[in-house]
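Open the model in your viewer and keep the selection tool at hand. The tour below goes from the whole chain to a single residue.

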Amino acid sequence: MPPKLDPNEIKIIHLRVTGGEVGGAATLAPKVGPLGLAPKKVGEDIAKATGDWKGLRITVRLTIQNRQAQVSVVPSASSLIIRALKEPPRDRKKEKNIKHTGNITLDEVFNIARIMRERSMAKALSGTVKEMLGTAQSVGCTIDGRSAHDTIEAIDSGEIEVPDE
């Protein structure tokens, strides 16, 4: 017999899921089954919580206490940037290796950097903005019509002023 679960104990599980889709119960079962949760119900809760991230791979935090699971979305920099591009949701079974050739404004990059600030290793917001610009470059989008690397160089030279927090 496994030991009895403490009802007040809080367990946290991080999962990568596709937003708005019910993941397979077989993939959730080894993670949530030992904690006394039904994988199918947890999968439906995740799909409901990630509805506005439809079609994007997103990290989800399951906080489990007293056999109840709370789902919270932990967005990554790339998923925030792809969401800012406002692309239509894609069918991942048919469309593979798509390029995100869009354009986002510098203000949107600042907003994304503020969201990601607590998980960034940079000292100031300007460093976090540069991290987000590097992610935008690897995603393949432009910022105000310029390449992301040109924008990083403009921040370094002082052409573009980054607000304090």
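The stops that follow say what to select and what is there.

**Whole chain**

Start with the full chain in cartoon view, bearing in mind that this is a predicted model. Colour by secondary structure to pick out six helices and five strands. Followed from the N terminus, the elements come in the order β-α-α-β-β-α-β-α-α-β-α.

Now switch on the surface. The accessible surface of the chain is about 10,100 Å², and carbon and sulfur atoms account for 52% of that. The chain has 165 residues, and 36% of them count as buried. If contacts are limited to residues at least 6 apart in sequence, 59% of these join residues at least 24 apart.

**Helix 3 and helix 4**

Select residues 77–84, which form helix 3, and then residues 106–116, which form helix 4. The axes of helix 3 and helix 4 come within 10 Å and cross at roughly 150 degrees. Angles over 145 degrees count as roughly antiparallel, so helix 3 is roughly antiparallel to helix 4. The crossing of helix 3 past helix 4 is right-handed.

Show side chains where these two elements touch. From helix 3, display A77, L80, I81 and A84; they meet E108, I112, I115 and M116 of helix 4. By class, this contact of helix 3 with helix 4 holds seven nonpolar residues, no polar ones and one charged residue.

**Helix 4 and helix 5**

Keep helix 4 and add residues 125–139, which are helix 5. How do the axes of helix 4 and helix 5 cross? They come within 9 Å and cross at roughly 110 degrees. Angles of 65 to 115 degrees count as roughly perpendicular, and helix 4 and helix 5 are therefore roughly perpendicular to each other. Here too the crossing is right-handed, with helix 4 passing helix 5.

On the helix 4 side of this contact, select V109, F110, I112, A113, R114 and M116; on the helix 5 side, select L125, T128, V129, M132 and L133. Nine of the residues in this contact are nonpolar, one is polar and one is charged.

**T128**

For the last stop, centre the view on T128, which lies in helix 5. Is T128 buried or exposed? T128 is buried, because its relative accessible area is 0%, and buried means under 20%. Neighbours within four places in sequence aside, the residues in contact with T128 are A113, M116, R117, S120 and A122. Of these, A113 and M116 also belong to the helix 4 side of the contact with helix 5.

Technical notes: Residues numbered from 1 in each chain as written. Predicted model: local features only at pLDDT ≥ 70, side-chain atom pairs only at ≥ 80, totals over all residues. Heavy atoms only, no water. Helix = DSSP H or I, 4+ residues; strand = E, 2+ residues; numbered from the N terminus. Buried < 20%, exposed > 50% of the residue type's maximum accessible area, 1.4 Å probe, protein only. Contact = heavy atoms within 4.5 Å. Areas by Shrake-Rupley, 256 points an atom, 1.4 Å probe, with all protein chains shown as cover. Axes fitted to C-alpha atoms, helices over the stretch in contact; angles between N-to-C directions. Parallel < 35°, antiparallel > 145°, perpendicular 65-115°, else oblique. Left-handed = near helix turned anticlockwise from the far one by under 90°. Nonpolar A, V, L, I, M, F, W, Y, C, P; charged D, E, K, R; others polar.
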